[in-house]
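Please look at the model shown below before reading on. The report then goes through a few of its parts in turn.

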Amino acid sequence: MAAKKKTGKSNTSAEELLGYYRDMLLIRRFEEKAGQLYGMGLIGGFCHLYIGQEAVITGIEAVTEEDDKRITSYRDHGHMLACGMDPKGVMAELTGREGGYSKGKGGSMHMFSKEKHFYGGHGIVGAQVPLGAGLAFADKYMGNDRVSFAYFGDGAANQGQVYETFNMASLWKLPVIFVIENNQYAMGTSQQRASSTPDLYTRGAAFGIPGEEVDGMDVLAVKAATEKAVAHCRAGEGPYILEMTTYRYRGHSMSDPAKYRTREEVQKVREERDAIEHVRELILAGNHASEDDLKAIDKEIKAVVNEAADFSRESPEPALEELWTDIYAEA
Amino acid sequence: MAIEILMPALSPTMEEGTLAKWLVKEGDTVESGDILAEIETDKATMELEAVDEGVIGKILIAEGTANVAVNTAIAVLLEEGEDAANAAVSAPAPAADAAPTAAETAAPAAATPVATVVPEDTEIPAGTEMRSTTVREALRDAMAEEMRRDETVYLMGEEVAEYQGAYKVSQGLLDEFGARRVIDTPITEHGFTGIATGSAMAGLRPIVEFMTFNFAMQAIDHIINSAAKTLYMSGGQMGAPMVFRGASGAAARVGAQHSQDYAAWYAQIPGLKVVMPYSAADAKGLLKSAIRDPNPVVFLENEILYGRSFDVPVLEDYTVPIGKAKIWREGSDVTIVSFGIGMQYALEAADKLAEDGISAEVIDLRSLRPIDYDTVLNSVMKTNRCVTVEEGWPVASIGNHLSATIMERAFDYLDAPVINCCGKDVPMPYAANLEKLALVTTDEVIAAVKQVTYR
């Protein structure tokens, strides 16, 4: 991934920048804590951390409106926090407890919030893409001008069902934004080893879907591109593709030996392109806040995350009867 | 030598059709490729082309004639120099001479039109008017009634709208409900099933039509992973209230990839409901219940049954509950349990067994998930013998599951091992004789009953 020049100066308000700082920091600290809890054996199974990619979801959620919908893959903790779901409920789901969003029955990969219009949390690579178009289908059917966001990675971008969906979404002008979070690696396979063409944002061209490449490490660039895409969708012009070039600092999941990339590569991105560091610099350079102010935010976020971690450990395991509930809805 | 023009078989399951219109008259000279007539089948109106050249000597079947059986001579074509008077025209071609037709190869289904008398149903008030309706019409009526009732119900699938349904099940729905609610899709099952499932998660109630369930294999991930499991994975927050429907099982002579029964496959999945009706009344009542059900329902139809007529009660809102079996025929010597087209063999067998003095109780499961175990067990406790009948493969079949359940819960009542009559454990062959051999037959059911009754 070529290093891209970041937005150097910003007309963005202090309030907005501090908001991004706070939101991104929450995701990072939350994920670090999840990593810790995993190491302690409190979280089991698969656990895919979002560390490094925070600017993508934060910039997009800055543009969404009430009743807009979102759906993503198994790397979903950041998406849930960014759309306003309670960190306690998310962490307690990771530990498989009653207080989790799915009462402990979904786990890291399967959480939902009807209230926040978060439709999962899907473990089959690419499956969330037609599902996301289906959310948009429902809005169009009901005559709402809401927009749905379907998030998927560079790996899922090679899935056949993605192209079936591109075709129908364009044909039926569905208000869906396909967000390709290109973090360069599909599990352990780099993009150049898996994709015949490098520019994933052009993959909708055959279906007449406009696409754009965005620096996914720059929250302001993400926000600007999303505004354009959302305007396109709300105007009834059909789907839009945003390819967010980003990077995940941690392994694919917790059990990833990371033999497919060098430590130096990861370190270089962290040093040169880190999304949180970038916003931090903008805040300090613009005199929007002092180091002490930022420290106070760090402390505040740490408290929120610790509270979530405590809750996730204290919340009891689901009652044994829960095994047999929620299989069928009552008529 | 005069050539007879025969009523053609225009689809794998066509047995008869309507000679809608003649486009030629007696005395006309025709060339190969000319269009002679329009034939209406239960699926579509098709043109009949001339294969040979000559002069139309005589039209044997007038236009507008309905129920013309496949292979009936409908006209005589004269070659040069012949005239109608002396052209020797044989009687309608005997079927034995003709190439095996769809009607014949569908033999287990089509053999004798079974005058099935639907037993009295306690769900239907006494004195209710009954109307003879095909399964196809009953399914259409169910969808139309539910679409009138609920704005969020829509139909999506291949050829469901402008083509009026590949098997004409959705005939007329586009006219009544428009393109917003009756939606033709590209031939991309994986994608459109995912889209429909997403729309159900967001509150709509889609009916996804698979032209046949063979093609749903491309979409099975969404049926199982996305639709069936979401309610559980979300801790009860959201699910996918929707219907996946279409033909399952063998049609006639369509080969290995298009002839497969999915009953046992889907019946295994918690979170799905699975129904497989036999009669038109059940098709209608169960489909209405399926559309209203807040869970994903796999609704397995059968191509051969589409054209079969049964009495359907004329009621404003006729529904059949999912999860309740129906006793079609009471008996005391043996219980025959079946569902879908298997019911045809079960009922035929029961008729023939009665002639031999064996009284068979015949149960139509109708729902395969949940299964009405009580009805089956109560019957087996009475008859002490059981034979199951299904078209699907024998390994891990519905019959296997019933056998295990009966063994666990009614072992002491059994006077003989339960026998499962299934399709043979082979991919469906194309050859007419082999296909016949691959399917379960009435004779096999009779043999199984005789075995468990030690006759």
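The sections below cover the chain contact, two helix pairs, the domains of chain B and one sheet.

## The model and the chain contact

This is a predicted model. Chain A and chain B touch each other, with 33 residues from chain A and 37 residues from chain B taking part. On the chain B side, three elements give two or more residues each: α5 (189–201), α6 (220–228) and α7 (230–233) of chain B. Of these, α5(B) supplies the largest share, ten residues. Sorted by class, the chain B side has 19 polar, 14 nonpolar and four charged residues.

## A helix pair across the two chains

Helix α6 (residues 160–171) of chain A packs against α5(B). Their axes are 8 Å apart and the packing angle is about 70°. Angles from 65 to 115 degrees count as roughly perpendicular, so α6(A) and α5(B) are roughly perpendicular to each other. The crossing of α6(A) with α5(B) is right-handed.

Which residues make this contact? From α6(A) they are A:Gly160, A:Gln161, A:Glu164, A:Thr165 and A:Met168. From α5(B) they are B:His190, B:Gly191, B:Phe192, B:Gly194 and B:Ile195. By class, six residues of this contact are polar, three are nonpolar and one is charged.

## A helix pair within chain A

Helix α6(A) also has a contact inside its own chain, with helix α5 (residues 128–142) of chain A. The axes of α5(A) and α6(A) come within 8 Å and cross at roughly 20°. An angle under 35 degrees counts as roughly parallel, so α5(A) is roughly parallel to α6(A). The crossing of α5(A) with α6(A) is left-handed.

On the α5(A) side, the contact is made by A:Val129, A:Pro130 and A:Ala133. On the α6(A) side, the residues are A:Gln161, A:Val162, A:Glu164, A:Thr165, A:Met168 and A:Ala169. This contact has six nonpolar, two polar and one charged residues. Residues A:Gln161, A:Glu164, A:Thr165 and A:Met168 appear in the contact with α5(B) and also in the contact with α5(A).

## Domains of chain B

The domain assignment divides chain B into domain 1 (3–102), domain 2 (130–313) and domain 3 (325–452). The centres of domain 2 and domain 3 of chain B, taken over C-alpha atoms, are 26 Å apart. Between these two domains, 23 residues of domain 2 are in contact with 22 residues of domain 3.

On the domain 2 side, the elements that give two or more residues are α8 (263–267), β14 (273–275) and α9 (280–292) of chain B. That side has 15 nonpolar, four polar and four charged residues.

## A sheet in chain B

Five strands of chain B form an open sheet with mixed pairing, in the order β17-β19-β18-β21-β22. Each of β17 (326–329) and β22 (419–421) has a single partner strand, so one side of each is left without a neighbour in the sheet. From one strand to the next, the twist averages 25°. At one edge, β17(B) pairs with β19 (residues 360–364) of chain B in the antiparallel sense, over three bridges. B:Arg329 is placed opposite B:Val362 in β19(B).

Two helices of chain B lie across strands of this sheet. Helix α12 (residues 398–410) lies across β18 (334–338), β21 (386–389) and β22 of chain B, and runs at about 155° to β21(B). Helix α14 (residues 442–452) lies across β18, β19, β21 and β22 of chain B, and runs at about 175° to β22(B).

Key:
Residues are numbered from 1 along each chain as its sequence is written. Chains are lettered from A and ligands numbered from 1 in the order in which they are written. This is a predicted model: local features need pLDDT of at least 70, side-chain atom pairs count only at pLDDT 80 or more; totals for chains, interfaces and linings use all residues. Two residues are in contact if their C-beta atoms, placed from the backbone, lie within 7 Å. Helices (H or I, at least four residues) and strands (E, at least two) are DSSP runs, numbered from the N terminus. Ala, Val, Leu, Ile, Met, Phe, Trp, Tyr, Cys and Pro count as nonpolar, Asp, Glu, Lys and Arg as charged, and the others, Gly among them, as polar. Domain bounds come from an automatic or database domain assignment. Axes are lines fitted to C-alpha atoms, for helices over the stretch in contact, and angles run from 0 to 180 degrees between N-to-C directions. Angles under 35 degrees count as roughly parallel, over 145 as roughly antiparallel, 65 to 115 as roughly perpendicular and the rest as oblique. A crossing is left-handed if the near helix is turned anticlockwise from the far one by less than a right angle, and right-handed if clockwise. Two strands pair if DSSP finds at least two bridges between them.
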